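Please keep the sequence and the model side by side while you read, and find each residue in both before moving on to the next sentence.

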Amino acid sequence: MSEPVTESMAQVRAHLADVLDRARREDTPTIVTRRGKAEGIVLDIDEYRRLKAIEEAAEDAWLSKLVDAARADDDGSSLGIEEMTAEILRGDA
């Protein structure tokens with residue numbers, strides 16, 4: 001991915017098709033500013049999907065570590081989700 005280009009909202013609005021083409025063909029994202037502050041980014045859909053997959057994989061790995069740690073600490077007295085739901089519905093919790 002190339003270094004991003006920074007453009008104002010007005011610039012992007014004036015030539016959105018070019019911004020999208022640059023993202024897709026040149027793999028160059030555009031940071032969109034409003035009143036001088038970065039507000040968003042335009043990037044190729046394939047790059048977005050790649051980044052989203054990385055995010056989801058990292059989240060899954062983190063959740064797996066939490067589950068593994070909880071299982072390692074479990075002394076057998078923990079409740080499963082079904083048992084916990086039953087207790088809540090009975091008003092035992």
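In what follows, a helix is a DSSP run of H or I with at least four residues, and helices are numbered from the N terminus. The model is a predicted one, and a good place to begin is helix H1, which covers residues 9–14 and contains Ala10. With a relative accessible area of 48%, Ala10 is partly exposed, because that term covers values between 20% and 50%. Although Ala10 and Val32 are 22 residues apart along the chain, their C-alpha atoms are separated by 9.2 Å.

From here we can turn to the strands. Strand E1, made of residues 5–8, is joined to E2 by 4 bridges, and these two strands run parallel. Within this pairing, Ser8 of the chain stands opposite Thr33 in E2. Strand E2, which spans residues 30–34, is also joined to strand E3, which spans residues 37–42, but here 5 bridges link strands that run antiparallel. Which residue of E3 is the bridge partner of Thr33? The partner is Ala38, while Ser8 is the residue that stands opposite Thr33 in the pairing of E1 with E2. Between E2 and E3 there are 2 residues, and the two strands form a hairpin, in whose turn Arg35 has a positive phi of about 55°. As background for looking at these strands, it helps to know that in a regular strand the side chains alternate between the two faces of the sheet.

The next element to follow is helix H3, which runs over residues 45–73. How far apart should the ends of H3 be, if each residue adds 1.5 Å? The 29 residues of H3 should span 42 Å, and the C-alpha atoms at its ends are indeed 42 Å apart, so the expected span and the model agree. The N-terminal end of H3 is capped by Asp44, which has a side-chain oxygen 3.1 Å from the backbone nitrogen of Asp46. Ile45 also belongs to H3, and its relative accessibility of 44% is the reason why Ile45 counts as partly exposed.

Several charged residues of H3 can now be taken together. Side chains of opposite charge can pair when their charged atoms come close. The structure holds 6 salt bridges, and one of them joins Arg49 to Asp46, with the closest N and O atoms 3.7 Å apart. Why are Arg49 and Asp46 separated by about one helical turn? They are 3 residues apart in helix H3, and therefore about one turn lies between them. An α-helix has 3.6 residues a turn, so residues three or four places apart point the same way. Arg49 is exposed, because its relative accessible area is 53% and the term applies to values over 50%.

A similar spacing is found for Glu47 and Arg50, which both lie in H3, 3 residues apart, or about one turn of the helix. Their closest N and O atoms are 2.7 Å apart, and the two residues form a salt bridge. Is Glu47 buried or exposed? Glu47 is buried, since its relative accessible area is 9%, whereas its partner Arg50 is partly exposed at 42%. Further along, Glu55 and Lys52 are likewise 3 residues apart in H3, about one turn of the helix, and the salt bridge between them has its closest N and O atoms 3.0 Å apart. Here Glu55 is partly exposed, with a relative accessible area of 42%, and Lys52 counts as partly exposed too, at 31%. Away from these pairs, Asp21, Arg24 and Arg25 are linked in a network of salt bridges.

H3 also contributes to a surface feature of another kind. Leu51, which has its place in H3, joins Met1 and Ile54 in a nonpolar patch on the surface, and together these residues have about 300 Å² of accessible area. The relative accessibility of Leu51 is 38%, and for this reason Leu51 counts as partly exposed.

The walk ends at helix H4, which consists of residues 81–90 and is hardly covered, since the count of buried residues among its 10 residues is 0. Following H4 comes Gly91, with a positive phi near 90°. To place Glu83 relative to an earlier residue, note that Ile45 and Glu83 are 38 residues apart in sequence, while their C-alpha atoms are 43 Å apart in space.

How values were computed: Residues numbered from 1 in each chain as written. Predicted model: local features only at pLDDT ≥ 70, side-chain atom pairs only at ≥ 80, totals over all residues. Heavy atoms only, no water. Buried < 20%, exposed > 50% of the residue type's maximum accessible area, 1.4 Å probe, protein only. Patch = residues over 30% accessible without salt bridge, like charges linked within 9 Å, V, L, I, M, F, W, Y side chains within 5 Å. Areas by Shrake-Rupley, 256 points an atom, 1.4 Å probe, with all protein chains shown as cover. Salt bridge = Lys/Arg side-chain N within 4 Å of Asp/Glu carboxyl O. Pairing = 2+ DSSP bridges. Expected span 1.5 Å × (residues − 1). Polar contact = N/O pair within 3.5 Å; in protein donor to acceptor, adjacent residues only side chain to side chain.
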